[in-house]
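Here are my notes on this model, written to be read beside the coordinates. They cover one sheet, one helix pair and one domain contact.

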Amino acid sequence: MELLKVENVTKKYITKKALENMNMTIEEGKIYGLLGPNGSGKTTLMKMIAGLIQPSSGKIEIMEKKIGKESKQMVSYMPTSNHLPKWMKIEQCIGYYDDYFEDFDREKAKELIDFMGLKENLKVGALSTGMLGRLKLSLVLSRNAKLYVLDEPLNGIDPISREKIMQTILNACQEENTVIISSHLVKELETILDEVIFLEKGNVVLSGNAENFRIEKGMSMDELYREVYKDA
Amino acid sequence: MDFDARIPIYFQIIEKIKKEIILGKLQRGEKLPSVRSMASELKVNVNTMQRVYQELEREGITFTQRGTGSFVTEDNGMIQKIKDDMAQGLIKSFVEGMKELGFDREGIIENVNEYIEEA
Amino acid sequence: MLKIIKYEWMHRFKFFLAGFVVCILLNIELVRNIINKNQGHQGTILYVGILIALAFAFGIGLGIDHIRRMYKSLFTEEGYFLFTTPLSGYGILGGKLITIILECLGITFLGGILFFIDYKILLNRFPEIEITSEIPAEIVINLFKFFMLILFGYITLLLMIYLAMVLARSIFSAVRYGKLLSFIFFIMIAQVVGKITSYIGKATETVVYVEMYGDAHFPTVTNEYFLLQICIVGALFMITGYLIDRKINI
């Protein structure tokens with residue numbers, strides 16, 4: 001079942017085209033890897049799905065609805081940067097999410113935050129990059145959303161935190177959840193990706209099922225990544 | 001479990017389960033853990049695990065009882081076949097590997113005997 | 001939408017508390033001075049001066065803060081949260097404005113209470129200042145109108161600034177010199193609104209006679225004027241809300 005449809009989407013800025021006539025379909029119940037080097041359009045696309053940016057042309061639909069109030073209800077978005085107020089304590093952040101999102105599970109959030117080794121009375125401003133990454137993910141995955149959009153969840157994260165983050169994503173995502181993870185670190189994602197989408201200069205250059213690629217090409221997704229971008 | 005990312009993950013899991021059946025770690029007729037719990041334990045995608053179970057069923061290594069779950073086959077013949085197939089696979093790659101090194105039939109058998117005696 | 005109020009205040013209650021304390025101290029000092037007829041004592045004048053300066057600072061600070069709230073949501077990453085929640089653009093804008101209006105009302109109300117307490121205390125000491133006659137309804141109504149005028153004016157100004165900022169982060173975001181364009185738009189809108197308002201203001205101006213103190217009279221405005229103000233605020237709100245809802249690019 002089609003969850004997300006991107007049709008001929010272009011995004012123009014003054015100096016460049018971030019996305020160029022992009023077409024993509026996301027099906028329900030799978031974990032997608034949105035892969036590509038910096039500047040390939042991953043973050044732009046994700047921000048569009050989250051509703052922060054408008055396409056210059058083309059359309060995006062989630063469950064056949066335009067991006068807006070209703071789609072935001074279905075999408076749980078984790079940006080690369082810090083979107084939480086620096087003055088808030090972690091326990092207040094839980095309340096923050098709980099207040100604004102109906103599908104937020106308080107108990108799950110507390111569990112995840114505990115699992116991540118974070119203390120609830122810490123202020124956001126006092127957290128290291130790794131801790132912040134873990135916090136953001138805990139909050140975003142504690143929503144029962146139809147689509148999780150995670151922008152570079154492993155960026156700037158130490159190896160131990162990365163392991164915890166991967167485990168959390170795996171555990172939180174069951175058959176009914178759909179996840180799009182963007183990354184340029186592919187090794188850690190190897191075993192959890194169902195589908196891979198390779199972006200270059202704002203367009204899809206290759207996409208398909210990871211296991212099928214392994215059968216066809218005898219390559220890991222990491223090797224495939226290097227192959228796709230070797231001339232870039 | 002450490003996976004070789006160049007080979008399909010589901011394939012590697014299937015091999016692992018086959019081994020466990022041969023070695024008796026998974027008994028005949030034993031119930032397999034749920035897709036979710038296995039996926040969680042092995043740290044793989046639920047869909048990948050689903051594919052594993054589907055393949056096992058397709059090959060007749062397991063059977064599903066509606067509502068209860070997946071079970072290892074009770075068929076001794078099937079279990080023997082799995083063992084034989086896996087052995088064949090190993091032998092095939094071994095022999096081909098040795099041939100690539102330039103060994104002929106006698107050479108291969110000689111080496112095998114030597115090794116077994118020393119081990 | 002009302003959650004916006006909670007989180008704006010959660011962060012600022014210390015600021016409000018401090019402002020309130022300063023006002024109370026100022027009031028106490030003023031009343032004390034009047035009662036004791038302290039004249040020109042250096043220390044007190046300095047003290048009162050500082051308090052007045054602080055009170056002003058709080059007022060101006062609050063005004064700047066009102067602008068900063070929208071700025072932070074539009075121009076920093078903190079805004080990513082608010083704009084990915086299932087709120088409509090109108091809901092987001094409405095929430096922020098309601099918070100601001102409540103703050104203005106709250107301050108006025110507290111000011112009124114302080115003034116009333118001062119009056120009662122001074123009444124004790126100087127019974128002659130008591131207002132014995134009935135305060136005519138016109139005065140009350142006009143006081144109310146005056147207050148509403150200021151409030152509406154402030155909201156209109158704020159909305160114009162918001163609109164300019166939203167323009168810069170929506171339809172002008174991918175345009176060269178987008179921010180400059182937004183600023184120009186702001187000036188233009190301000191001119192238009194200003195002209196309309198003053199024109200209608202002159203046209204609907206009336207004079208109210210008050211029978212209390214002899215021949216006292218003062219000018220005021222009619223209800224038609226307020227209707228116009230409401231329309232202007234409504235139009236600004238709808239445009240800005242629409243841009244936030246459908247055209248945002250942050």
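**Notes on chains A and C**

1. Strand E9 (residues 195-200) of chain A pairs with E10(A) in the antiparallel sense, over 6 bridges. One register point is worth checking by eye: A:Phe198 has A:Leu206, in E10(A), as its bridge partner. Keep in mind that this is a predicted model.

2. That pair belongs to an open sheet of 6 strands in chain A, with the order E6-E7-E8-E3-E9-E10. Pairing in the sheet is mixed. Its edge strands are E6 (75-78) and E10 (203-209) of chain A, and each of these pairs on one side only. On average, neighbouring strands are turned by 15° against each other, direction ignored.

3. Which helix lies across E3, E6, E7, E8 and E9 of chain A? Helix H1 (residues 42-50) of chain A does. H1 runs at about 145° to E7(A), the strand at 147-151. The other strands under H1(A) include E3 (31-35) and E8 (178-183).

4. Now chain C. Helix H4 (residues 89-125) packs against helix H5 (residues 137-168) of chain C at an angle of about 150°. The axes of H4(C) and H5(C) are 11 Å apart. Angles over 145 degrees count as roughly antiparallel. H4(C) and H5(C) are therefore roughly antiparallel to each other. Their crossing is right-handed.

5. Which residues meet between H4(C) and H5(C)? From H4(C) come C:Leu97, C:Ile100, C:Ile101, C:Cys104 and C:Thr108. From H5(C) come C:Phe147, C:Leu151, C:Tyr154, C:Ile155 and C:Leu158. By class, this contact has 9 nonpolar residues, 1 polar residue and no charged residues.

6. The domain assignment of chain C gives domain 1 as 1-131 and domain 2 as 136-249. How many residues are in contact across the two domains? In domain 1 of chain C there are 17, and they touch 19 residues of domain 2 of chain C.

7. Look next at the side of domain 1 of chain C that touches domain 2 of chain C. Helix H2 (42-75) and H4 of chain C each supply at least two of its residues. H4(C) gives the most, with 9 residues. This side of domain 1 divides into 13 nonpolar residues, 4 polar residues and no charged residues.

8. For a quick pass through the coordinates, start with H4(C). This helix packs with H5(C), and H4(C) also gives the most residues to the side of domain 1 that touches domain 2 of chain C. Then turn to chain A and follow the sheet from edge strand E6 to edge strand E10.

Conventions
Residues numbered from 1 in each chain as written. Chains lettered and ligands numbered in written order. Predicted model: local features only at pLDDT ≥ 70, side-chain atom pairs only at ≥ 80, totals over all residues. Axes fitted to C-alpha atoms, helices over the stretch in contact; angles between N-to-C directions. Helix = DSSP H or I, 4+ residues; strand = E, 2+ residues; numbered from the N terminus. Parallel < 35°, antiparallel > 145°, perpendicular 65-115°, else oblique. Left-handed = near helix turned anticlockwise from the far one by under 90°. Contact = placed C-beta atoms within 7 Å. Nonpolar A, V, L, I, M, F, W, Y, C, P; charged D, E, K, R; others polar. Pairing = 2+ DSSP bridges. Domains from an automatic or database assignment.
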